[in-house]
Amino acid sequence: MSYLRPDIRQRADELVALYPQKRSAMLPLLHLAQEQDGYLTDEGMAEVAELTGTSPAEVRGTASFYDMFHLEPVGKYVVGVCTNIACLLSGGEELLEHATKTLGCAVGGTSADGLFTLEETECLADCSVVPVVQVNHRFVRTTTPDALDALISDLRNGRRDDEIPPHGTLIRVRRNGGLRAPRAQVAAEREAAQTAREARAAKETK
Amino acid sequence: MAVLTAPKIVSSRSEYTDSHSMSRYLATDGFTALRKALSMHPEAVATEVDSASLLGRGGAGFPAGRKWSMLRKAPVSYLVVNGDESEPATFKDHYLIEREPHQLVEGVTIAAYALQVSQAFIYIRGEFALGLERLQQAVNDAYEHGALGSDIFGSGFSLDIIVHPGAGAYICGEETALIEALEGKRGFPRIKPPYFPAAIGLYGQPTVVNNVETMANMPWIVNNGGAAFAALGQGRSTGTRLFALSGRVKNPGVYELEMVKNTFRDIIFDPALGGGIIGDKKIKAFIPGGVSAPWFTPEQLDIPLGLDEVAEQASMLGSGSIVVLDEDSCVVRAAWRITKFFSRESCGQCTPCREGSGWLERIMYRMEHGGGRREDLDLLLDLCDNIAPGLSWPPQQTTICVLGPSIPSSIHSAITNFRDDFIAHVDHNGCPHD
């Protein structure tokens with residue numbers, strides 16, 4: 001019995017089949033597992049281990065290396081405020097400080113209503129609209145304390161849910177095309193082309 | 001005066017709000033270069049790229065053509081495209097992925113054909129949710145259009161592209177760490193030798209790793225010829241390049257400029273570009289190529305935007321990102337925050353980087369927040385010297401990858417150029433700007 005929801009499990013199976021080696025699907029699968037539960041549960045990681053041919057310990061060891069994966073529950077909205085160099089020079093620290101007051105939680109913490117988790121992020125590569133704020137990894141381009149408060153109020157009332165899906169990045173990414181030829185056929189074609197090229201090269205050197 | 005006569009090679013569709021759509025791409029010469037490339041011999045396509053003398057746009061500036069020549073004889077190989085853009089204040093690949101995803105797909109397909117590779121991966125930074133959506137859509141569109149998959153445009157050439165999401169780790173922009181992440185592991189850089197990707201890369205096979213912007217140049221090079229590309233710029237720095245300008249300037253943004261023909265002064269002050277400093281304040285310093293690069297002071301504003309030109313002044317053009325600090329910016333706070341970044345992002349394999357970054361961060365923290373001592377300046381420089389002996393540029397390597405030796409740049413620059421600011425912090429027992 002799969003722990004992952006049927007739709008997510010189906011996506012996971014597709015991803016594992018896509019890669020030349022199934023362990024390569026580790027990061028996308030962890031994204032999907034996190035999208036189901038908001039964070040990585042033991043059960044979710046166990047299933048990722050099964051799907052990638054690794055052990056739960058290897059999955060946890062890998063997941064814990066990456067900032068985007070949460071090993072503990074987080075709020076429905078993960079609010080990230082950047083304080084790296086470009087944002088620092090234009091009030092990133094002050095905006096983060098303001099967010100702790102609005103949300104009533106420390107950096108790294110979750111608001112009392114469980115809706116928001118606040119993070120201090122490293123550079124998010126959007127440095128022309130600073131300080132950079134992301135909610136669930138969507139750039140919201142909100143740079144002032146007032147705008148941030150309005151955003152948080154909107155989120156609290158569910159007014160931005162169309163534009164900002166639940167925490168995660170892969171839920172709207174779906175591959176619907178694919179290599180139509182079987183992998184073996186592609187390899188054979190490639191080998192034939194290689195042989196032809198070598199023959200040509202040999203001829204040229206003669 | 002800024003020189004703005006060069007063609008837009010990678011950002012030609014910037015005026016369109018739907019530049020990420022297939023219909024716009026097809027209406028603006030989309031896939032004409034791929035059709036042309038497929039009618040040529042793969043070697044001829046590679047030769048064309050070689051003749052462009054295109055230097056990799058990731059940061060190290062290695063010639064793209066030379067990277068390829070090592071791979072062309074290998075029996076099994078992969079093409080991996082690095083879109084893990086994480087160098088602070090660098091945001092050009094973010095632009096290309098979100099705004100020009102089809103151009104990237106076409107560029108990757110051309111490169112794969114030249115290399116005769118049938119499997120390519122595009123590794124996209126996990127935080128680029130919209131970028132991942134748009135790029136996957138572009139890949140889907142290309143399959144639908146016959147521009148990707150089996151027997152592309154009836155040429156007999158087949159390619160599969162997998163869009164792979166990262167998960168938040170600066171170090172995965174380092175090519176061997178990226179390969180580890182692509183193999184489903186922690187992003188630990190591999191030691192070179194022997195793990196040069198061209199020899200032992202993804203799954204132990206020869207692999208070419210190229211940057212997103214490098215790939216985005218391919219369609220133009222094929223359509224216009226390598227010679228036309230090489231005619232732009234000067235010396236080793238050919239073509240155009242995307243520069244990401246940020247910090248205390250009026251018009252921050254991504255600008256495509258011909259290499260070498262413009263100076264830092266042009267991009268920061270020209271009304272058509274950066275437009276000068278916010279509030280018309282004075283410029284205090286600027287970082288010329290990502291936070292790994294040693295800083296420049298206003299005396300160096302007239303250095304041209306070229307790799308060798310910047311290297312001669314003991315810094316680097318790196319990732320093409322320029323951060324401007326004005327007279328009110330605190331250099332100690334800036335250097336502390338950059339060091340904190342490296343400390344957070346060190347993968348932890350090598351002692352000088354793992355321990356050194358933490359020590360430096362803690363000393364810089366007390367310097368900025370109170371508790372700093374005069375002797376801390378010597379202590380900081382001594383620690384920096386332990387990480388990159390001699391504090392020369394380019395730095396001495398004491399670690400597996402270049403993250404470690406990049407750590408001292410900001411502190412060393414700040415102390416060298418702004419020692420008085422540090423002393424003021426000590427005397428004030430914290431930041432005088434607060």
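**Close-up views of chains A and B**

**View 1. Where chain A meets chain B.** Here 52 residues of chain A are in contact with 60 residues of chain B, contact meaning that C-beta atoms placed from the backbone lie within 7 Å. On the chain A side, helix 2 (26-37), helix 4 (56-63), helix 5 (85-88) and helix 8 (183-205) each give two or more residues; helices are DSSP runs of H or I with at least four residues, strands are E runs of at least two, and both are numbered from the N terminus. This is a predicted model, in which local features need pLDDT of at least 70 and side-chain atom pairs count only at pLDDT 80 or more, while totals for chains, interfaces and linings use all residues. Residues are numbered from 1 along each chain as its sequence is written, and chains are lettered from A and ligands numbered from 1 in the order in which they are written.

**View 2. Helix 2 of chain A and its surroundings.** Ten of the twelve residues of this helix are buried, so it is largely enclosed by the rest of the structure; buried means that 20 or more other C-beta atoms, placed from the backbone, lie within 10 Å of the residue's own. Among them are A:Met26, A:Leu30 and A:Glu35. The buried residues pack against helix 1 (6-18), helix 3 (42-52) and helix 4 of chain A, and also against strand 3 (160-165) and helix 8 (175-182) of chain B. Just after helix 2 of chain A comes A:Gly38, with a positive phi near 90°.

**View 3. Two helices of chain B.** Helix 5 (residues 92-99) and helix 7 (residues 129-145) of chain B pack at about 45°, their axes 8 Å apart. B:His94, B:Ile97 and B:Glu98 of helix 5 meet B:Leu130, B:Gly131, B:Arg134 and B:Leu135 of helix 7.

Notes
Axes are lines fitted to C-alpha atoms, for helices over the stretch in contact, and angles run from 0 to 180 degrees between N-to-C directions. Two residues are in contact if their C-beta atoms, placed from the backbone, lie within 7 Å.
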